[in-house]
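Work through the following exercises with the structure in view, and try each task before reading its solution.

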Amino acid sequence: MMLIHTHHFRDIERKPEYLQLEKCVPPPYPGPVGTMWFIRDSCGIACAIVTWFLVLYAEFVVLFVMLIPSRDYVYSIINGIVFNLLAFLALASHCRAMLTDPGAVPKGNATKEFIESLQLKPGQVVYKCPKCCSIKPDRAHHCSVCKRCIRKMDHHCPWVNNCVGENNQKYFVLFTMYIALISLHALIMVGFHFLHCFEEDWTKCSSFSPPTTVILLILLCFEALLFLIFTSVMFGTQVHSICTDETGIEQLKKEERRWAKKTKWMNMKAVFGHPFSLGWASPFATPDQGKADPYQYVV
């Protein structure tokens with residue numbers, strides 16, 4: 001497929017009158033601070049429900065098929081605590097990634113008053129999105145599912161029913177990391193449980209019948225392997241994207257780099273927060289994104 005030069009993907013207007021401001025209505029009255037962000041997309045909602053169902057299925061098999069029937073209480077307690085902690089962090093990260101505003105640009109802000117407030121100088125360029133009638137900050141892209149322009153949009157992920165952007169990339173990275181970890185942990189426990197059942201009587205290694213036990217373990221093994229491969233790849237691509245400070249869309253479109261180049265460590269801190277701490281691994285710690293730059297709309 002032929003890639004088209006970057007400027008074809010944006011509605012670039014060099015003079016304020018060409019923005020056709022009369023077609024843009026003023027932005028709606030902003031909701032109260034802390035209003036929950038949620039995308040009403042049937043496909044995304046279904047994928048999010050499936051994600052939770054699969055994690056809870058793994059939780060059921062690990063607890064009621066492998067750990068609780070085990071006579072090794074130390075093994076059961078340690079693995080139960082580790083698996084449940086990782087599963088809790090994975091679901092918490094999923095909720096934060098799904099319910100956090102990814103960096104949506106105010107809708108309908110391409111008004112005469114807003115343009116004048118930017119105090120454009122001769123030769124400066126602003127970008128207008130004809131779909132949501134907003135003035136785009138640099139590196140923002142329009143999402144057809146969210147129906148908004150998203151700052152530093154990487155991609156729209158149906159599994160979290162949201163875009164991955166400037167404000168929620170940390171939570172998406174944590175979600176993929178914790179899902180990969182619980183998948184690896186489940187695979188290891190399934191392997192040990194099969195060995196244990198082969199060495200002993202199958203009727204004593206589970207509270208379910210042997211055929212039911214085998215089916216449940218095989219389904220969990222297949223699910224864990226599939227999710228381990230998928231989330232590991234996603235985690236790797238996200239970390240690479242953060243370190244290079246280049247989103248997935250920018251890589252796909254081969255957009256010309258117009259922003260300052262920073263070190264990989266600075267890029268990581270920009271996403272996970274300053275300074276480095278245990279909060280990087282917590283979905284409950286909100287990274288400090290800094291204050292919005294009023295001149296991010298012009299180049």
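**Exercise 1.** Find the volume of the largest cavity in this predicted model, and determine which residues and which elements line the largest cavity.

*Solution.* Begin with the size: the largest cavity has a volume of about 100 Å³, and the count of cavities of 30 Å³ or more comes to one. Next, list the lining, which consists of Leu 54, Val 55, Ala 58, Phe 83, Ile 179, Ile 182, Ser 183, Ala 186, Leu 220, Glu 223, Ala 224 and Phe 227. Then assign these residues to elements: helix H1 (42-67), helix H4 (169-199) and helix H5 (210-244) are the ones that give two or more residues to the lining. Finally, sort the lining residues by character, which yields 10 nonpolar, one polar and one charged.

**Exercise 2.** Describe the chain over two of the spans that UniProt lists as "transmembrane region".

*Solution.* First consult the record: the unreviewed UniProt entry lists residues 45-67, 73-92, 171-194 and 214-235 under this name. Take residues 73-92, where the span is 100% helix and 0% strand, with its end C-alpha atoms 28 Å apart. Then turn to residues 171-194, which are likewise 100% helix and 0% strand, and whose end C-alpha atoms are 34 Å apart.

**Exercise 3.** Classify the ring pair formed by Phe 272 and Trp 280.

*Solution.* Start from the count of aromatic pairs, which comes to eight. For Phe 272 and Trp 280 the ring centres are 5.4 Å apart and the planes stand at 25 degrees, so the pair is stacked. Both Phe 272 and Trp 280 are buried, and ring pairs link them with Trp 265 and Phe 276 into a cluster.

Methods: Residues numbered from 1 in each chain as written. Predicted model: local features only at pLDDT ≥ 70, side-chain atom pairs only at ≥ 80, totals over all residues. Heavy atoms only, no water. 1 Å grid on protein atoms, 1.4 Å probe; cavity = no way out; pocket = protein on both sides within 12 Å on 5 of 7 lines; lining within 4 Å. Points joined across faces, edges and corners; volume = space filled by probe spheres on them. Helix = DSSP H or I, 4+ residues; strand = E, 2+ residues; numbered from the N terminus. Nonpolar A, V, L, I, M, F, W, Y, C, P; charged D, E, K, R; others polar. UniProt positions renumbered as here; feature names shortened; annotations may be inferred. Phe/Tyr/Trp six-rings, centres within 6.5 Å; stacked < 30°, edge-to-face > 60°. Buried < 20%, exposed > 50% of the residue type's maximum accessible area, 1.4 Å probe, protein only.
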